[in-house]
Amino acid sequence: MSKKIVILNGSPRPNGNTAALIEQFVKGAEQSGSTITQFDLQKMNIHGCLGCCKGGKDPSSPCVQKDDMDKIYPAYKEADLVVLASPMYYWGISGQLKTAFDRLFAVAECDPHYANPVKDCVLLMAAEGDTEENFEPVRHFYLSLLHHLGWKDCGIVYAGGNMAAGDIQSKPKQLEQAFSLGASIR
Ligand SMILES: Cc1cc2nc3c(=O)[nH]c(=O)nc-3n(C[C@H](O)[C@H](O)[C@H](O)COP(=O)(O)O)c2cc1C
């Protein structure tokens, strides 16, 4: 069965290492018949969550703030799988991705019990550090998030050893890992 995939790209660098991971993941996923909608968050006008808890009244535009999140909500609603793609910024995901993800809270507000829509999820992350220790805080964050949301992890690519944009091009194994993960989504 073909899956609907939404990619939230938290990297500000259009030719960066996260972008290369996404490109390979997409090639793999398209090969296995998935349909993909990608949001390059850096190019979008998305404001931080106000924590007002006053959303959830209009399912097609659930947040009280009206900005480019209204382009994401309909695709998110339909998605089977969400790809969180980000550079590591201070042992976390980028601000661009965190800001957008926080705003998805408004979707849960549509449910009287704050239940989140159930999704599968993938994490693609580029970073300078290349040790298990370096990725541990992000791993903990990602798995805790999924546990809270009730989502299923379908795979993680930790692409360490990449500082400058394009460094990843000399690491075919990391690119292959992203491709294979994409191809495994069916
Ligand atoms: C603000 C900032 C914070 C960063 N923090 C970390 C970090 O905590 N650990 C790490 O390994 N790399 C860190 N890096 C390096 C990036 O993760 C790395 O350059 C990555 O390849 C960038 O991905 P991109 O090319 O998709 O932008 C940081 C870079 C920036 C600009």
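**View A. Contact between Met 163 and the ligand.** In this predicted model, a backbone N or O atom of Met 163 lies 2.8 Å from an oxygen atom of the ligand. The ligand on its own has 640 Å² of accessible area, of which the protein covers 84%.

**View B. Contacts of Met 88 and Asn 134 with the ligand.** At Met 88, a backbone N or O atom is found 2.7 Å from an oxygen atom of the ligand. Asn 134 takes part through its side chain: a polar atom there lies 3.0 Å from an oxygen atom of the ligand.

**View C. The surroundings of the ligand.** The ligand occupies the largest pocket. It is surrounded by 17 residues, and the closest are Asn 17, Thr 18, Met 88, Gly 129 and Asn 162. Sorted by class, this shell contains eight nonpolar, seven polar and two charged residues.

**View D. The aromatic pair of Phe 101 and Trp 151.** Five aromatic pairs are found in a search of the whole structure. The ring centres of Phe 101 and Trp 151 are 5.9 Å apart and the ring planes stand at 70°, so this pair is edge-to-face. Phe 101 belongs to helix H3 (residues 95–103), while Trp 151 lies in the loop between helix H5 (132–149) and strand E5 (152–159); the pair therefore ties together parts that are 50 residues apart in sequence.

Definitions and conventions:
Residues numbered from 1 in each chain as written. Predicted model: local features only at pLDDT ≥ 70, side-chain atom pairs only at ≥ 80, totals over all residues. Heavy atoms only, no water. Near = heavy atom within 4 Å. Polar contact = N/O pair within 3.5 Å; in protein donor to acceptor, adjacent residues only side chain to side chain. Areas by Shrake-Rupley, 256 points an atom, 1.4 Å probe, with all protein chains shown as cover. 1 Å grid on protein atoms, 1.4 Å probe; cavity = no way out; pocket = protein on both sides within 12 Å on 5 of 7 lines; lining within 4 Å. Sits in = over half its atoms within 2 Å of the grid points. Nonpolar A, V, L, I, M, F, W, Y, C, P; charged D, E, K, R; others polar. Phe/Tyr/Trp six-rings, centres within 6.5 Å; stacked < 30°, edge-to-face > 60°. Helix = DSSP H or I, 4+ residues; strand = E, 2+ residues; numbered from the N terminus.
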